[in-house]
Amino acid sequence: MTTYMVVIMTTLVLMSIYIIGVLGENLYENEQIKLYEKANIISDSIAPHLLEENMSTVDNYMLQQLTGTGIRGIVVNPSFNVLVDSNRELNGTVLMRDVIKTASEGTQAHTLLKDSSDMNMMTIAVPVIKKETEAIIGVVYLVESVAQIDKTIGFVRFNLFLFSALICILVGLLSFGMSYIVTSPVDDFTKIANEISKGNFEKRVAVKGKNEFSKLAMAINFMCSELSNLEDNRKKFISDASHELKTPLATIKLICDSVVSTPDPDPEMIQEFLKDLSDEVDRLTRIVERLLKLTKLDSGKSAPNPVPTDITALLNSVLKKLTPTANAKDIVLYSDYKITECAPLMLDFDKMWEAVYNITDNAIKYTDEGGFVKLGLNKEGKEIIIQIEDNGPGIPYEEQEHIFDRFYRLDDSRARDTGGTGLGLAIAKEAVILHGGRIEVSSEQGMGSTFSIYIPATLECEKSDNKI
Ligand SMILES: Nc1ncnc2c1ncn2[C@@H]1O[C@H](COP(=O)(O)OP(=O)(O)O)[C@@H](O)[C@H]1O
Ligand SMILES: [Mg+2]
């Protein structure tokens with residue numbers, strides 16, 4: 001702010017100095033022209049009388065020309081003797097001035113002098129020339145006070161500086177006000193940014209008015225709530241993951257302790273314990289593997305590797321893989337595709353396969369013996385839809401939005417008994433999102449569930465912009 005003030009003040013002062021300079025020069029020049037005109041008129045008029053040495057006529061003429069003008073007129077001869085002085089003071093004396101000397105040599109001249117009271121005086125001298133011979137027969141020397149001009153310049157100077165000072169004060173007040181308006185929200189933003197960097201996402205910026213700052217404040221507040229959600233999710237994820245890992249570890253510890261505390265365990269019991277141990281280790285491995293997979297998907301490290309994929313072949317491959325599991329539970333696993341000829345889609349085969357597999361695996365896992373699981377394929381508008389339908393227990397409406405959350409299980413103990421980690425649907429969702437698609441579930445308790453994977457048809461191979 002001080003820099004602005006200095007710049008404005010310097011500009012105003014320089015401008016004032018320039019204006020005063022130009023004005024003074026102009027006023028002096030005008031006065032000088034006026035004086036030269038007067039001196040030349042006098043010189044022309046008195047030349048014949050000077051020749052005749054008719055001094056009283058010269059004197060009268062001078063008086064007539066100069067009375068009331070404030071100009072003092074002096075006529076000297078080429079030897080610098082004062083012939084006539086309108087003030088009568090120098091008559092008969094010798095008056096030697098630079099300008100008079102220059103004029104006596106034939107060139108009119110002027111200069112500024114200070115009088116005894118330090119007032120600026122403009123003096124000019126013009127030669128008096130005898131017409132016939134061009135001989136210089138004298139000099140007319142005029143002296144005029146320029147106090148009035150100086151007074152005018154002084155007045156203008158005073159007003160200009162006053163005006164500059166007022167402008168400076170005004171600009172100062174305005175910039176102070178502006179800087180308050182501009183810096184106070186910026187200060188708020190800086191405070192919030194500092195709080196965010198300390199991990200405090202609960203703070204919010206006050207949204208005032210409807211301007212760019214309020215838009216920024218709203219964006220910052222939105223960012224804060226998103227960061228806060230992220231942070232909550234992160235904490236929840238860590239706590240859920242720890243909890244999930246703790247359960248099998250506790251079981252392992254329990255099994256080990258039982259074996260250790262049994263004095264003479266029979267081999268059959270050890271065999272049984274080892275089998276349980278192996279199951280728990282499998283479970284741990286499954287959780288860790290899925291966690292790693294999710295983390296990779298999340299961090300974007302596992303970039304999609306799209307290849308032209310025959311979607312029916314992908315579905316058939318999942319079907320084939322899960323048929324033994326379905327058969328073991330006496331569940332009819334079959335396909336019913338509405339479209340049979342679908343152009344290959346640019347998909348990351350492994351990731352999409354896993355998404356379909358996880359959902360189909362769930363359908364088989366959670367459907368009671370004797371049920372059915374159907375794999376469907378359809379195309380609606382600009383989307384290819386993969387549907388996995390079962391006639392299992394269904395998912396209550398209020399739970400449907402949560403089942404894609406990490407570690408979320410409807411019935412914890414039951415899901416865990418089936419070897420569930422609560423990560424299968426989260427992985428499936430991430431994989432589908434990676435393809436620009438979405439997953440929806442429609443289900444009614446006791447009536448079975450249908451999971452639908454929507455894939456944008458833009459991924460079809462014939463299209464030129466086949467990118468994931
Ligand atoms: N077809 C389905 N029928 C009923 N419940 C299901 C079905 N699919 C998923 N669920 C519920 O959603 C939860 C989350 O599924 P998922 O993420 O695959 O975890 P899990 O490892 O337990 O299978 C499951 O625990 C189950 O309660
Ligand atoms: Mg599952």
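Helices, taken as H or I, are DSSP runs of at least four residues, numbered from the N terminus. The model described here is predicted. One such helix is α4, and just after α4 the residue G199 takes a positive phi of about 90 degrees.

Helix α4 itself covers residues 147–197. Its 51 residues should span 75 Å at 1.5 Å a residue, and because the end C-alpha atoms are 71 Å apart, the span agrees with that expectation. The helix has a kink of about 25 degrees at T183, shortly before the proline P185. Little covers α4: the count of buried residues among its 51 residues is 2.

Helix α1, residues 2–51, can be read in the same way. Its 50 residues reach 71 Å from the first C-alpha to the last, close to the 74 Å expected at 1.5 Å a residue. A bend of about 35 degrees lies at S45 in α1, and the proline P48 follows within four residues. The buried residues of α1 are L35, K38, A39, I42, S43, I46 and L50. Among the elements that cover these buried residues are α2 (55–66), β1 (71–76), β4 (120–130) and β5 (135–145). After α1 comes E53, with a positive phi near 55 degrees.

The loop between α2 and β1 holds T69. This residue counts as partly exposed because it has 14 C-beta neighbours inside 10 Å, where buried would require 20 or more and exposed 12 or fewer. T69 also gives a sense of distance across the model: T69 and T421 are 352 residues apart in sequence, and their C-alpha atoms are 114 Å apart in space.

Two loop residues other than glycine have positive phi values. R88 lies in the loop between β2 (82–85) and α3 (98–104), and its phi is near 65 degrees. R88 counts as exposed because it has 8 C-beta neighbours inside 10 Å. D330 is in the loop between α7 and β7 (332–337), with a positive phi of about 60 degrees. D330 has 10 C-beta neighbours inside 10 Å and therefore also counts as exposed.

The next topic is the interior. In soluble globular proteins, nonpolar side chains tend to be buried together. The largest nonpolar core here has 38 residues, of which A355, V356 and A428 touch the most other members. The elements giving two or more residues to this core are α7 (311–328), β8 (345–347), α8, β9 (372–380), β10 (383–390), α11 and β12 (449–456). Leaving aside residues up to four places away in sequence, A428 touches A355, N358, I359 and I439. A second core, separate from this one, has 27 residues and includes V84, V139, Y141 and V143.

Helices α8 and α11 come up again at the ligand. Around ligand 1 there are 22 residues, and the closest are R409, L410, G420, G424 and L425. α8 (349–366) and α11 (424–434) each supply at least two residues of this shell. With 4 residues, α8 gives the most to the shell. By class, the shell around ligand 1 consists of 11 nonpolar, 8 polar and 3 charged residues. Thus α8 and α11 each give two or more residues to the largest nonpolar core and at least two to the shell around ligand 1.

How values were computed: Residues numbered from 1 in each chain as written. Chains lettered and ligands numbered in written order. Predicted model: local features only at pLDDT ≥ 70, side-chain atom pairs only at ≥ 80, totals over all residues. Expected span 1.5 Å × (residues − 1). Bend = angle between axes of the 7 residues up to and from the residue. Near = placed C-beta within 6 Å. Nonpolar A, V, L, I, M, F, W, Y, C, P; charged D, E, K, R; others polar. Core = buried A, V, L, I, M, F, W, Y, C linked by C-beta atoms within 7 Å. Contact = placed C-beta atoms within 7 Å.
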